[in-house]
Amino acid sequence: MQNFLYKIQEFMRGRYGFDELNKTLLVLSIVLNIITRFVYNFPAHIIIQVIALSLFVLCVFRTLSRNCYQREKENSVFKPFYEKVRDFFKITYKKFRDGRTHRYYKCPNCKAQLRVKNVKGAHTIRCPKCGYQFQKKIR
Ligand SMILES: [Zn+2]
């Protein structure tokens, strides 16, 4: 086992590896592959399968690529979009998780998400990020 891991390490030396763009490509290809299980329409089925396979091949190509500079450039273009989507899902999950005990507000000044205990009455909320204060009423 140790020898096998060592060989993989040697193989990956100087290669780009895995990043946010590769993660997204892999997830998209898996999702499309699952979708093809439910699509029985002949040409659409083949098209979706080809797209899923090409995304997977692109993911493998990027992971094994030795042109790290170019791969990093691609990832830096993609990363802001990835982080926006990731943060949206994070906040949505948190809102769902503490929906009964807390409320979420956006800071009017810096747009940061603020979590406030769900207690009835008027509250002065202070943003810990920028220090801005604003009023909210919880009924
Ligand atoms: Zn703020």
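These legends accompany several views of a predicted model of one protein chain.

**View 1. The whole chain, with its four helices and four strands.** Welcome to the overview: starting at the N terminus, the elements follow the order α-α-α-α-β-β-β-β. The C-alpha trace covers about 60 × 45 × 35 Å along its principal axes. The radius of gyration of the chain is 23 Å, whereas a compact globule of 139 residues would have one near 14 Å. Of the 139 residues, 27% are buried. If you like to think in contacts, take those between residues at least 6 apart in sequence: 41% of them link residues at least 24 apart.

**View 2. The largest nonpolar core, built from 10 residues.** Here you can find Leu21, Leu25, Leu32, Val39, Ile48, Ala52, Leu55, Cys59, Phe78 and Tyr82. Helix 2 (20–36), helix 3 (42–64) and helix 4 (68–97) each give two or more residues to this core. Helix 3 provides the largest share, with four residues. Apart from this core lies another one, of nine residues, and among them are Tyr105, Cys107, Leu114 and Phe134. As a general reminder, nonpolar side chains in soluble globular proteins tend to be buried together.

**View 3. A close look at serine 29 and alanine 52.** Serine 29 sits in helix 2. Is serine 29 buried or exposed? Its relative accessibility is 4%, so serine 29 counts as buried, the cut-off for buried being under 20%. Leaving out residues up to four places away in sequence, serine 29 touches Ala52, Leu55 and Phe56. Two of these names, Ala52 and Leu55, also appear in the largest nonpolar core. Now turn to alanine 52: beyond its neighbours within four places in sequence, alanine 52 is in contact with Ser29, Leu32 and Asn33.

**View 4. The packing of helix 2 against helix 4.** The axes of these two helices lie 8 Å apart and meet at an angle of about 65°. Helix 2 and helix 4 are therefore roughly perpendicular to each other, a term that covers angles of 65 to 115 degrees. Which residues make the contact? On the helix 2 side they are Glu20, Leu21, Lys23 and Thr24, and on the helix 4 side they are Glu74, Asn75, Phe78, Lys79 and Tyr82. Sorted by class, the contact of helix 2 with helix 4 holds three nonpolar, two polar and four charged residues. Leu21, Phe78 and Tyr82 may look familiar, as they also belong to the largest nonpolar core.

Terms used. Residues are numbered from 1 along each chain as its sequence is written. This is a predicted model: local features need pLDDT of at least 70, side-chain atom pairs count only at pLDDT 80 or more; totals for chains, interfaces and linings use all residues. Side-chain values use heavy atoms; hydrogens and water are left out. A nonpolar core is a set of buried Ala, Val, Leu, Ile, Met, Phe, Trp, Tyr and Cys residues joined through side-chain atoms within 4.5 Å. Buried means under 20% relative accessible area, exposed over 50%, partly exposed in between (1.4 Å probe, protein chains only). Contact means heavy atoms within 4.5 Å. Axes are lines fitted to C-alpha atoms, for helices over the stretch in contact, and angles run from 0 to 180 degrees between N-to-C directions. Angles under 35 degrees count as roughly parallel, over 145 as roughly antiparallel, 65 to 115 as roughly perpendicular and the rest as oblique. Ala, Val, Leu, Ile, Met, Phe, Trp, Tyr, Cys and Pro count as nonpolar, Asp, Glu, Lys and Arg as charged, and the others, Gly among them, as polar. The radius of gyration is taken over C-alpha atoms; the globule rule is 2.2 Å times the number of residues to the power 0.38.
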